[in-house]
Amino acid sequence: MADRKLLNIELGRVDAEGYRSLPESGVVLVLDNIRSAHNVGSAFRTADAFKVDRIFLCGICACPPSAEIHKSALGAEESVPWEHCGDTLQAIASLRSLGYEIVSVEQTEHSLSLEKFIPVAGKRYALVFGNEVEGVQQSVVDASDFAVEIPQYGTKHSLNVSVSVGVVLWQIASRIFG
C-alpha cells in the first residue's frame, strides 16, 4: 500500500513565534569554531527540529544574517534563538553558572558511548560540537563535565559536524521526549 506524502501545511508545525513560546527542552548547542556557514545553517535546522533552546556560535562561527546559513537553515535561524560568543570557554563558564551540564561531543580517553548516555528530563545540557578539522578544543574538553562519542563501525574516525548534531540530538530527544 502506498501512502500519500503529507503536505507541509498538514504537518501542524508552529511558526517561528510559536517555537519561541514552546516550553524549554533544557538543551542548548555550543558550536566551537565551526568554519562552514553551511554546517552552522544545518545545525540551526536540526536544532529547530529537536526543539533546542538556543545556539551559541563561538569563535569563527558565521552568524546570521548570512545567505550561506539561510541556504541550509531554511529559516530556522529565525526560530532558534542564538548568540555569538568570541570565546567558547567563556560561553561554557556562563552556561555552567546557569546550571547546565557541559557535554563535549568528542572522542576522548574516557568518553561515554552515545547510546549509554541517559539524559535526565528536567536537567539542562550544553552540547559542544567542534571544528570540522580540529574537533572540540582540548581546553574546552578539559572544562567539560564529560564527553560523549558517536559509535562508528567503519574505517573513518569522524562524521561531518552537521551529521553529528543530528545523531546526538535525535538520541537525546528520543530519550527526553520519547
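In the predicted model, F117, Y125 and F146 are linked into a cluster by ring pairs. Two aromatic pairs were identified in total. One of these, between F117 and Y125, adopts an edge-to-face arrangement, with a centre-to-centre separation of 5.5 Å and an angle of 85° between the planes. An angle over 60 degrees places a pair in the edge-to-face class, and the 85° computed for F117 and Y125 therefore falls within that class. F117 and Y125 are both buried. A further contact with an aromatic ring involves a charged side chain: K51 is positioned over the face of Y19, at 4.5 Å from the ring centre.

The strands form an open sheet of seven members, ordered β3-β2-β1-β6-β4-β7-β5 and paired in parallel. The edges of this sheet are occupied by β3 (82–85) and β5 (112–113), each of which pairs on one side only. Strands β1 (residues 27–32) and β2 (residues 54–58) run parallel and are joined by five bridges. Within this pairing, V30 has F56 of β2 as its bridge partner. In the strand order, β6 stands between β1 and β4, while β7 stands between β4 and β5.

The largest pocket encloses about 560 Å³ of space. Its lining comprises 17 residues, and R13, V14, D48, A49 and S79 are those nearest the pocket centre. Three helices, α1 (16–21), α2 (37–49) and α4 (76–79), each contribute at least two residues to this lining. The greatest contribution comes from α2, which supplies three residues. Classified by residue type, the lining of the largest pocket consists of nine nonpolar, four polar and four charged residues.

The second largest pocket holds about 440 Å³ of space. A total of 21 residues line this pocket, with E106, G135, S158, L159 and S164 lying nearest its centre. Two or more lining residues are provided by each of β6 (124–130), β7 (146–149) and α7 (161–176). The lining of the second largest pocket divides into eight nonpolar, nine polar and four charged residues.

Strands β6 and β7 thus appear both in the seven-stranded sheet and among the elements that line the second largest pocket. For the largest pocket, the elements supplying at least two lining residues are α1, α2 and α4.

Definitions and conventions. Residues are numbered from 1 along each chain as its sequence is written. This is a predicted model: local features need pLDDT of at least 70, side-chain atom pairs count only at pLDDT 80 or more; totals for chains, interfaces and linings use all residues. Side-chain values use heavy atoms; hydrogens and water are left out. On a 1 Å grid over the protein atoms alone, a cavity is a set of points where a 1.4 Å probe fits but cannot get out, and a pocket is an open set with protein on both sides within 12 Å along at least five of seven lines; lining residues have an atom within 4 Å of a point. Grid points are joined across faces, edges and corners, and a volume is the space filled by probe spheres set on the points. Helices (H or I, at least four residues) and strands (E, at least two) are DSSP runs, numbered from the N terminus. Ala, Val, Leu, Ile, Met, Phe, Trp, Tyr, Cys and Pro count as nonpolar, Asp, Glu, Lys and Arg as charged, and the others, Gly among them, as polar. Rings of Phe, Tyr and Trp (its six-membered ring) pair if their centres lie within 6.5 Å; planes under 30 degrees apart count as stacked, over 60 as edge-to-face and the rest as tilted. Buried means under 20% relative accessible area, exposed over 50%, partly exposed in between (1.4 Å probe, protein chains only). A charge sits over a ring if NZ of Lys or CZ of Arg is within 6 Å of the ring centre and within 35 degrees of the ring normal. Two strands pair if DSSP finds at least two bridges between them.
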